[in-house]
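Me: I've got this one open on my screen and would like a close look at a single part. Could you take the sheet, strand by strand, and follow it to whatever sits beside it?

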Amino acid sequence: MTESAIQTQADPATLNGLEQLQAMLRGELPVAPIAETLGFVGFEVPERGRAIFELDPELRHYNPIGSVHGGVFATLLDSACGCAVHSTLGVGEAYTSLDLTVKFLKPVTVDSGRLRAVGTVLQRGRRTALAEAKLYDGRDRLVAYASSSCMILG
């Protein structure tokens with residue numbers, strides 16, 4: 001690794017959660033491997049307490065009944081909830097999910113267009129946070145909803 005590459009790498013231990021996510025977006029910190037595994041095509045953190053993930057449905061995401069697997073929905077929604085909470089962390093804080101409740105509202109196929117999961121923190125306390133995420137298809141129709149409780153550590 002070159003000296004200039006070392007200088008551009010962020011030190012996550014010195015950053016708050018929002019700064020860590022922004023460093024990922026700039027390529028100064030690695031993104032989570034699940035993003036590559038599933039093929040996330042978009043990620044943004046427009047503000048503290050909010051995160052957005054995007055994915056183009058592909059045949060590799062299908063279940064045996066011919067639509068996108070619920071686990072793909074759940075992963076997008078969990079990522080949006082979790083990163084929304086992550087964006088509220090102070091330096092030295094971490095979090096872990098306590099639960100995730102998903103409601104599937106419409107089937108999704110490759111013809112549904114780009115999926116967009118929008119996560120929002122509803123309540124952030126000292127030890128827990130509550131977040132929700134809504135999953136929209138390419139026509140901006142709500143196709144799934146999730147809520148998640150997270151434990152704040154540190």
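Reply: Here is a walk through the sheet, then the pocket and a couple of loop residues.

A few ground rules: the model is predicted, so local features need pLDDT of at least 70 and side-chain atom pairs count only at pLDDT 80 or more, while totals for chains, interfaces and linings use all residues. Residues are numbered from 1 along each chain as its sequence is written, and side-chain values use heavy atoms, with hydrogens and water left out.

The sheet is open, with six strands in the order 1-2-4-5-6-3 and antiparallel pairing. Strands (E, at least two residues) and helices (H or I, at least four) are DSSP runs, numbered from the N terminus, and two strands pair if DSSP finds at least two bridges between them. At the edges sit strand 1 (40-47) and strand 3 (94-104), each with a partner on one side only. On average, neighbouring strands are turned by 20° against each other, direction ignored; the axes behind that angle are lines fitted to C-alpha atoms, and angles run from 0 to 180 degrees between N-to-C directions.

Start at strand 1. Five bridges tie strand 1 to strand 2 in the antiparallel sense, and G42 stands opposite E54 there. The hairpin of these strands has two residues between them, and G49 in this hairpin takes a positive phi near 90°. Next door, strand 2 pairs with strand 4 over six antiparallel bridges, with F53 opposite A117. Then come eight bridges between strand 4 (residues 115-124) and strand 5 (residues 128-136), again antiparallel; G119 has A133 as its bridge partner in strand 5.

Past strand 5, the loop to strand 6 (142-153) holds D140. Its phi is near 65°, positive even though D140 is not a glycine. D140 counts as partly exposed at 48% relative accessibility (buried is under 20% relative accessible area, exposed over 50%, partly exposed in between; 1.4 Å probe, protein chains only).

On the far edge, V102 belongs to strand 3. Leaving aside neighbours within four places in sequence, V102 is in contact with A74, L77, Y145 and A146, where contact means heavy atoms within 4.5 Å. V102 and H86 are 16 residues apart in sequence and 20 Å apart in space, C-alpha to C-alpha.

F53 comes up again at the largest pocket: of the 20 lining residues, A32, I34, F53, S79 and C83 lie nearest its centre. A pocket here is an open set of points on a 1 Å grid over the protein atoms alone where a 1.4 Å probe fits, with protein on both sides within 12 Å along at least five of seven lines, and lining residues have an atom within 4 Å of a point. The space in the largest pocket is about 330 Å³, a volume filled by probe spheres set on the points, which are joined across faces, edges and corners. Helix 4 gives the most to the lining, with six residues; helix 2 (17-25), helix 3 (33-38), strand 1 and strand 3 are among the elements supplying at least two each. By class, the lining has 13 nonpolar, six polar and one charged residues (Ala, Val, Leu, Ile, Met, Phe, Trp, Tyr, Cys and Pro count as nonpolar, Asp, Glu, Lys and Arg as charged, and the others, Gly among them, as polar).

One last stop: N63, in the loop between strand 2 (50-55) and helix 4 (70-86). N63 is buried, at 18% relative accessible area, and is in contact with V68 and H69, leaving aside its neighbours within four places in sequence.
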